[in-house]
Amino acid sequence: MTRFAIVTVIHDSAPDLARLLDSVERHLDPAPPVVVVDSGSSDGGADLARKRGARLIALDGNRGFGAGSNAGLEVVEAPVTALVNPDVQLLDGGLAGLAAEAAGTDALLAPRLLNSDGSIQDSAHPPPGRLEGLVPALLPRPLLPGRLRERYEPWRSDTPRPVGWAVAACLVARTDLLRRLGPFDPDAFLFYEDMELCLRARREGAPTLLRPEVALRHRGGTSVGPALGEGDLPLRARRRREVVAREGRVPLLLDDIAEAATYATRAAARRLTGRGGELEAARLRALREARRAGGR
């Protein structure tokens, strides 16, 4: 069995951490070492980690997901690391299979993520800033033919495939590869660290590969809302633009157009059908404000 370690970052995540550790012990034999990085918790998560035998790293306050992940990765001794959010639960031993594959490849491996009801999360995406990204922005995706829809929504794929980027609720790779890539910008507090990592890896010849045969349950967004409140949407918009801007001016412009068209189209459709549209309109406003602030 390939030796690997799990790194997870907590911030007032004690109940989630307990479920994650339970699922690791239930499905992985032998259970891999777990590194828990406590980023300013006040709910007893650090004590729980100690009691359950995890290696604890306590940071001085909430320094964000990227800085926390970097701190955890520094102490990993195993050749493979699985970056796993605390609100993830293993459903079987598939994570060990991903670790075995990761040991022999220069790639980031991402499993399928499932919602609590078993539906598939949109956790794998095409690369941003491409001309073809305007197609799903302007056309309702449910109306696209099956194969074309899967091209723009790769999380739906039932077969392994490369993707532009994947949500970092679970990413598995060789430890030395992750360290070489950063893996995360420690100054970025939250949002799109995963896109940034996958795009950086892509530029260095390390693709992101979706492995849908391995599925994990992911609750998602459990601490973001309380932590940020109304600052959520503006920060998301600014962070996405910061990340895509590293791909160049043209990709940034194309991504801005695609994002704006997506929000405008969805807002209009929801208003016509009496289903609101306020959230999409707020995202469009946040994007416009981010563009003005960025001077482009």
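## Strand pairing, salt bridges and a charged patch

In β2, Val35 is the bridge partner of Val7. The model discussed here is a predicted one, and this pairing belongs to a set of 5 bridges that join strand β1 (residues 4-10) to β2, the two strands running parallel. Beyond these strands, the briefing turns to the salt bridges, of which the count comes to 25, and to a surface patch of positive charge that gathers Arg271, Arg285, Arg288 and Arg292.

**Strand β2 and its surroundings**

- Strand β2 (residues 34-38) is largely enclosed by the rest of the structure, because 5 of its 5 residues are buried.
- The cover extends to both faces of β2, with Val34, Val36 and Asp38 buried on one side and Val35 and Val37 buried on the other.
- Val35, which is the bridge partner of Val7, is therefore one of the residues of β2 that are buried.

**A salt bridge between a loop and strand β10**

- Asp106 and Arg174 form a salt bridge in which the closest N and O atoms are 2.7 Å apart.
- Since Asp106 lies in the loop between α4 (94-102) and β6 (108-114), while Arg174 lies in strand β10 (residues 170-174), the pair ties together parts that are 68 residues apart in sequence.
- The two partners fall into separate classes of exposure: Asp106 is partly exposed, with a relative accessible area of 34%, whereas Arg174, at 17% relative accessibility, counts as buried.
- This pair also belongs to a network of salt bridges that links Asp106, Arg174, Asp176, Arg180 and Glu204.

**A salt bridge within helix α10**

- In helix α10 (residues 232-245), Arg236 and Asp232 are separated by about one helical turn, because they are 4 residues apart.
- The side chains of Arg236 and Asp232 meet in a salt bridge, with an N to O distance of 2.5 Å.
- Arg236 counts as partly exposed at 30% relative accessibility, while Asp232 is buried, with a relative accessible area of 16%.
- Arg236 can also be placed relative to Phe65, from which it is 171 residues apart along the chain, with the C-alpha atoms of the two separated by 14 Å.

**A salt bridge between helices α11 and α12**

- Arg291 forms a salt bridge with Asp256, and the closest N and O atoms of this pair are 2.5 Å apart.
- Because Arg291 lies in helix α12 and Asp256 in helix α11 (residues 249-272), the pair ties together parts that are 35 residues apart in sequence.
- Asp256 is buried, with a relative accessible area of 5%, whereas Arg291 is partly exposed, with a relative accessible area of 27%.

**The positive patch on the surface**

- The patch of positive charge on the surface is made up of Arg271, Arg285, Arg288 and Arg292.
- Helix α12 (residues 278-294) contributes the largest share of this positive patch, namely 3 residues.
- Arg292, one of the residues gathered in the patch, lies in helix α12 and is exposed, with a relative accessible area of 62%.
- Helix α12 thus figures in two of the topics treated here, as it holds Arg291, the partner of Asp256 in a salt bridge, and also supplies the largest share of the positive patch.

Conventions
Residues are numbered from 1 along each chain as its sequence is written. This is a predicted model: local features need pLDDT of at least 70, side-chain atom pairs count only at pLDDT 80 or more; totals for chains, interfaces and linings use all residues. Side-chain values use heavy atoms; hydrogens and water are left out. Patches are made of residues with over 30% relative accessible area and no salt bridge: like charges are joined within 9 Å, nonpolar side chains (Val, Leu, Ile, Met, Phe, Trp, Tyr) within 5 Å. Accessible areas come from the Shrake-Rupley method with a 1.4 Å probe; for residues, only the protein chains shown count as cover. A salt bridge is a side-chain nitrogen of Lys or Arg within 4 Å of a carboxyl oxygen of Asp or Glu. Lys and Arg count as positive and Asp and Glu as negative; His and the chain ends are not counted. The place of a charge is taken as NZ of Lys, CZ of Arg, CG of Asp or CD of Glu. Buried means under 20% relative accessible area, exposed over 50%, partly exposed in between (1.4 Å probe, protein chains only). Two strands pair if DSSP finds at least two bridges between them.
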